[in-house]
Amino acid sequence: MGQNHQFNPGQKAPNNGTYIEIGDTGSGVINPRKIYLKKGQPFPEASNHERKWMYTRKP
């Protein structure tokens with residue numbers, strides 16, 4: 001059982017850090033939104049219903 005790498009809006013952030021929008025298949029998107037969340041904060045709605053959030057190491 002590993003940790004999820006993709007998160008849907010409404011799920012809670014597993015760790016502090018910067019998260020970026022990705023496409024539904026894990027692909028990148030043009031001009032993605034980037035957010036900083038603390039552990040336990042819920043993910044906001046993405047730009048469209050097909051996008052998810054992914055942790056990124058970039059600040």
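Start with the aromatic rings: a search of the whole structure finds five aromatic pairs. Here rings of Phe, Tyr and Trp (its six-membered ring) pair if their centres lie within 6.5 Å, with planes under 30 degrees apart counted as stacked, over 60 as edge-to-face and the rest as tilted. This is a predicted model, in which local features need pLDDT of at least 70 and side-chain atom pairs count only at pLDDT 80 or more, while totals for chains, interfaces and linings use all residues. Residues are numbered from 1 along each chain as its sequence is written, and side-chain values use heavy atoms, with hydrogens and water left out.

**Stop 1: the rings**

Select Phe7, Tyr19, Phe43, Trp53 and Tyr55, which ring pairs link into a cluster.

Within the cluster, go to tyrosine 19 and phenylalanine 43, an edge-to-face pair with 4.9 Å centre to centre and 90° between the planes. Tyrosine 19 is in strand 2 and phenylalanine 43 in the loop between strand 3 and strand 4, so the pair links distant parts of the chain, 24 residues apart. Strands are DSSP runs (E, at least two residues), numbered from the N terminus. Tyrosine 19 has a relative accessible area of 1% and is buried; phenylalanine 43, at 3%, counts as buried. Buried means under 20% relative accessible area, exposed over 50%, and partly exposed in between (1.4 Å probe, protein chains only).

Keep phenylalanine 43 and add tryptophan 53: the ring centres are 6.5 Å apart and the planes at 20°, so this pair is stacked. Tryptophan 53 is in strand 4 and phenylalanine 43 in the loop before it, so the pair ties together parts that are ten residues apart in sequence. Tryptophan 53 counts as buried, at 0% relative accessibility.

**Stop 2: the nonpolar core**

Next select Phe7, Ala13, Tyr19, Ile35, Leu37, Phe43, Ala46 and Trp53, the eight residues of the largest nonpolar core. Such a core is a set of buried Ala, Val, Leu, Ile, Met, Phe, Trp, Tyr and Cys residues joined through side-chain atoms within 4.5 Å. In soluble globular proteins, nonpolar side chains tend to be buried together.

Centre on isoleucine 35. Leaving aside neighbours within four places in sequence, its contacts (heavy atoms within 4.5 Å) are Gly17, Thr18, Tyr19, Phe43, Pro44 and Trp53.

**Stop 3: a buried charged pair**

Which residue forms a salt bridge with glutamate 21? Select arginine 51: the closest N and O atoms of the two are 3.3 Å apart. A salt bridge is a side-chain nitrogen of Lys or Arg within 4 Å of a carboxyl oxygen of Asp or Glu, and by this rule the count comes to one. Arginine 51 lies in the loop between strand 3 and strand 4 and glutamate 21 in strand 2, so the pair ties together parts that are 30 residues apart in sequence. Both arginine 51 and glutamate 21 are buried, the latter at 1% relative accessibility.

Stay on glutamate 21 and show the backbone of serine 47, whose nitrogen lies 2.5 Å from a polar atom of the glutamate 21 side chain. Beyond four places in sequence, glutamate 21 is in contact with residues including Val29, Pro32, Ala46 and Trp53. With the same exclusion, arginine 51 touches Pro9, Glu21, Ile22, Val29 and Ala46.

**Stop 4: an exposed glutamate**

Is glutamate 45 buried or exposed? Glutamate 45 counts as exposed, at 61% relative accessibility. Look for it in the loop between strand 3 and strand 4. Neighbours within four places aside, glutamate 45 is in contact with Pro9, Arg33 and Trp53.

Conventions:
Polar contact = N/O pair within 3.5 Å; in protein donor to acceptor, adjacent residues only side chain to side chain. Helix = DSSP H or I, 4+ residues; strand = E, 2+ residues; numbered from the N terminus.
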